[in-house]
Amino acid sequence: MTDEGVADHYQVLEELGRGSFGVVYKAIEKATGETVAIKHIDLESSEDDIQEIQQEISVLSTCASSYVTQYKGSFLRGHKLWIVMEYLGGGSCLDLLKPGNFSEVHIAVICRELLLGLEYLHAEGKIHRDIKAANVLLSETGKVKLADFGVAAQLTHMKSQRNTFVGTPFWMAPEVIQQAGYDFKADIWSLGITAIEFALGEPPHANIHPMKVLFQIPKNPPPRLEGKFSKEFKDFIAQCLVKDPDHRPSARDLLKHRFIRSAGKVEALQELINRKQMWDAKQDRVKLPVFYQETLHNISPKNESDEWVFDTVRSVVVPRRGTVRSRKPSPAFVAEDAMRKLDVKDGPLQPITPQTVKKSTVRRQPSNAYQSHASVRRITSNGSPRASVSSKRPLQPDLSFGNSGSTTRLFRRVPSDHSNPELSPTLEEFKHNENRPPSIYQTPVEPTNKEAMIGRRLYNKAIEPSLDELHAQTATSSKRDALANLSDAFAYLNSVDPEGAYHLFRNIVTSVSQDSRLNQVILGGQNNAQPGPPPKTPVDGTPQGTVVINRERRAMSSVSVSSAASTNLPTPSSNLSPTKLLMSQENPHLLSHRRRRSAVPSDAGSVIAARSPEKGEREREREQRDREKEKLAAMEALRYPGQNAVPGMEHCKQITDLLYSRWTDGLMARWGAAGGRG
Amino acid sequence: MAFQVLFGRGRGRSPTDLPKQAREHIGKIEGPGGAAKAEELAKVLSQIKQILQGPPEGESNPDTLLQLVTSINDEDLLYLLALNLHKLPFEARKDTQVIFSYVFRFRHPTAPPKNEPHALAHVIEKRPQVLVELCRGYDHKESATPAGTVLREVLKSEAAAAVILYDDGDVPGSSAGGYSAIRRDRPQTGNGIFWAFFDWIDKGSFEVAADAFTTFRELLTKHKELVPTYLQVNFELFFHKYNTTLVQSSSYVTKRQSIKLLGEILLDRSNYNVMTAYVDRGEHLKICMNLLRDDRKMVQYEGFHVFKVFVANPHKSVPVQKILLMNREKLLHFLSHFLEDRTDDEQFIDEREFLIRQIRNMPPQPVPPLR
């Protein structure tokens, strides 16, 4: 698979947002000048899903309809997969609902277009299985397109059925929940729920926990639209929400419904897009607190003595390195490693050069460093190092995945959000960490003045993520090493002299801005020294839908903007103190982000089982346990739609979540048998 | 009735004429006016597809279907479609995929249930080139997905899988002479269609490579009698190609997936003899130990599941023992910190502990295995 160079065909622009399993960027195809959306999926952070991602691509690539987001191609870059899609500037319907509910006129148009899309898909033997406002995108001209085929199914025989339990609970048809075998009609039910979502801003039962909803939907009579709506609209929804799929009309039938036939032109939908733009402009985009990102740079490129010895021939090995967060070895190792480095007599295996680095850090704050190391050693010898030395994971601000019911999918998909080093932490571990201050082995210098704080912020927000990203996308090992070294060097600078980092960048930016050519190419010609209001938010449209603009990345190019912003944000150092542990409020989001695609037992386990058939029985037990964990995590991940924690009240939300997870724990014990027939 | 709706429009077409028409159109899609011919062809293919699928409610008449399938065989339509798949229009490629899928599955109700479906039996014995051409679908981005989808369905048949594995040009014993001509004890030259998969997987674009790999995996894991024999007879050729092309691939996906598949192949009981031969080689262990030091965690992790087979083997060969002993201290240190953040992967932790014990308890000098 050698398509490294393909990425150069695209000019990647700003981040559009973060979706369910990756970051989405706006980009321009250089050859044609066409704007596209590119989804970056970090394959290194997913366990077994490469085939599933491939399945999604194959469903998408066999669609050719103006009602479906057009797939343009995909290729690998390092361990990132880039999926190139049509760019849709209008955004998702979920985003468009933010300023207010849709009118019937608009809903009728959207529903007609969705029915046309479903008619196409169903004729192709495809079931979308996750119809909801978040997955309906609009072009700038108002064209309506179905997006996110992450859980779509391709039927090989037109009359076959599916049993897999996938979708998003609030929108799921009863027959999907009951796993009685379902077909295309399941999409029609979800469409009915989505129509209610358009009219009321949220699906029915939105105030109930998603896990409970799974019981309610099959048990209760179908939801009905009440209130001041037309008879036609109410009837349309009633038609979609017929519980017996055999009596539920098809997409083609529904296109003849009066509500649909009287619908107007798609251009009318531009009103929704304009409304959203106005609304965005009025918003004081209040940012969620930004969290300090603990960074541990522990492993430097290994020296020769660390390689395997094979006779006289020395094996050529790519040095392992640890600057990329996604592959950081555990902190316990880090701590031990660090201690070994401190001991001059020890460690012929250890790299030599960085020793002084760590030592000088230690020397600056000897007592601190000593303490932290001592405690680490004790814990390590206890045999349970992880709990208290686990480092804080950097968290992403401004994420909004939590506010829509997340898609439950058959296969786990771990997002690429830079914040995901542990491959599969247990829930307990996570919660545990959340309530502890980050322990660190190498105490970074406390930023003492504004410059230092900005310097640290600059490092955490811009430099390190950028280096990580670049590293992840680089395949050549020599280039990777070079980046690793650079990353280490920056980490060191950050730990001992964040102020220096600030001045370095300050100077670079100044120099760049003084050179007209550089200024134009790198800074886009803008005068970056004006702190003023943040630049106008671009219209976000992404194939993911449920994303918000994250401007962090652009903050890099305009240091002073971020400096203005940081004055009313918690400073990095504030997180070092346990009393101000602000991380926890985002953690549930992170968890849900990470786990939202996890799910529900799958037959993926059979692949694992194949590994060691001699252990078949144990494997199955393990699988069972894993499923339990995953289910638990999936439940944890399911959140009320539209309900973000009120700023300052995050802890309440957390407690609620904890209680819910206990409740569902008990629930699963009774309910455990259900689910899981692939 | 549906039949009449489809064909009653006065043109007197009968299902058996359609394959003939399709054949004629295919011959002309590249000449002058090829685009128009391609459209004509697409229409005919769509009609064939609809007959095969049957009316929305109910089934097609099996006799009609049998006639159609026979006619498709007579016209050699499957071969022509496979050969030209990448040249067909977008929708026609999808229709072709459906046609293959239905034709290869069709069995007349009166046929003995043990027989292969008619068309599949025909292809396996008389026209193995159809399957070879389907594989060549991976030469083109356009045909990779439809061809791959058809192949994976067909490969459920052991005979069809054998045809692909033993294709070897004109060499006697090649499947080119039909399934019964195959001689399983003859080593392959490496020029057959199966060996082209290595290149498709390593060099193809992501879409092609990923689809080719999925088919490759199916070929090597599905048939528990066929594959072990094949791997034993072609041991050197296969693992040389596998280790140099796939495991060392510069593509992250190819590398990771092929290490994983290697582990699956070795740990499949039916491949016991292959596994013991594999883990006797010091060279194989070296490759594997280097994987443990890859800078990407998932590569390390997949490498571990191959490495464990070497260490857990109670009859380690002398070269393997030598390498392990030479690196004993390093390995012990390395493994004790290997992928430490997999804290909830109990099986992994157990296995890692087991390996550490095994390495620690090795006798200081290599001992010839007792086998």
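Me: Buried means under 20% relative accessible area. In this predicted model, how many residues of α15(B) are buried?
Reply: Helix α15 of chain B covers residues 252–266. The helix is largely enclosed by the rest of the structure, because the buried share of its 15 residues is 15 of 15.

Me: How far apart are the end C-alpha atoms of α15(B)?
Reply: The helix has 15 residues, and the rise is 1.5 Å a residue. The expected span takes 1.5 Å times one less than the number of residues, so α15(B) should span 21 Å. The model agrees with that, as its end C-alpha atoms are apart by 21 Å.

Me: Is Lys39(A) buried or exposed?
Reply: An unreviewed UniProt entry lists Lys39(A) under "binding site". In the model this residue lies in strand β3 of chain A, residues 35–42. Its relative accessibility is 4%. The cut-off is under 20%, so Lys39(A) counts as buried.

Me: How many of the eight residues of β3(A) are buried?
Reply: Lys39(A) belongs to this strand and is buried. The strand as a whole is largely enclosed by the rest of the structure, because its buried residues number seven of the eight.

Me: Which residue of β2(A) stands opposite His40(A)?
Reply: Strand β2 of chain A covers residues 22–29 and runs antiparallel to β3(A), joined by six bridges. Seven of the eight residues of β2(A) are buried, so this strand too is largely enclosed by the rest of the structure. His40(A) is in β3(A), and opposite stands Val23(A).

Me: Which residue in the hairpin of β2(A) and β3(A) takes a positive phi?
Reply: Five residues lie between the two strands of this hairpin. The phi in question is near 75°, and the residue is Gly33(A).

Me: What is the bridge partner of Ile41(A) in β5(A)?
Reply: β3(A) also pairs with strand β5 of chain A, residues 80–86. Seven bridges join the two, and they run antiparallel. For Ile41(A), the partner in β5(A) is Leu81(A).

Me: Which strands stand at the edges of the open sheet β6-β8-β9 in chain A?
Reply: The sheet has three strands, with antiparallel pairing. β8(A) and β9(A) are joined by three bridges, and Leu137(A) stands opposite Lys145(A) in β9(A). An edge strand has a single partner, so one side is left without a neighbour in the sheet; that applies to β6 and β9.

Me: Which helix gives the most residues to the largest nonpolar core?
Reply: That core has 200 residues. Those with the most contacts inside it are Phe104(B), Phe194(B), Phe197(B), Phe216(B) and Phe307(B). The helix that gives the most to this core covers residues 104–123 of chain A and supplies ten residues: α3.

Me: Which tyrosine does Phe216(B) touch, not counting residues up to four places away in sequence?
Reply: Phe216(B) is among the residues with the most contacts inside the largest core. Its neighbours include Phe194(B), Phe197(B), Phe198(B) and Phe238(B). They also include Ile201(B), Leu246(B), Leu261(B) and Tyr242(B).

Me: What is the geometry of the aromatic pair Phe238(B) and Phe239(B)?
Reply: Both residues are buried. Their centres are 4.9 Å apart and the angle between the planes is 90°. Planes over 60 degrees apart meet the cut-off, so the pair is edge-to-face.

Me: How many residues apart in sequence are the parts tied together by Phe304(B) and Phe338(B)?
Reply: The ring centres are 5.7 Å apart and the planes are at 25°, so the pair is stacked. Phe304(B) is buried, as is Phe338(B). Phe304(B) sits in helix α18 and Phe338(B) in the loop between α20 and α21 of chain B, so the separation in residues is 34.

Me: Which strand of chain A is part of what covers the buried residues of α19(B)?
Reply: Helix α19 of chain B, residues 318–326, has Val320(B), Gln321(B), Ile323(B), Leu324(B) and Leu325(B) as its buried residues. Their cover includes α16, α17, α18 and α20 of chain B. From chain A it includes residues 309–310, which form β11.

Me: What percentage of the residues of chain A count as buried?
Reply: Chain A holds 25 helices and twelve strands. Among its contacts between residues at least 6 apart in sequence, 76% join residues at least 24 apart. Of its 678 residues, the buried share is 60%.

Key
Residues numbered from 1 in each chain as written. Chains lettered and ligands numbered in written order. Predicted model: local features only at pLDDT ≥ 70, side-chain atom pairs only at ≥ 80, totals over all residues. Heavy atoms only, no water. UniProt positions renumbered as here; feature names shortened; annotations may be inferred. Helix = DSSP H or I, 4+ residues; strand = E, 2+ residues; numbered from the N terminus. Buried < 20%, exposed > 50% of the residue type's maximum accessible area, 1.4 Å probe, protein only. Pairing = 2+ DSSP bridges. Core = buried A, V, L, I, M, F, W, Y, C linked by side-chain atoms within 4.5 Å. Contact = heavy atoms within 4.5 Å. Phe/Tyr/Trp six-rings, centres within 6.5 Å; stacked < 30°, edge-to-face > 60°.
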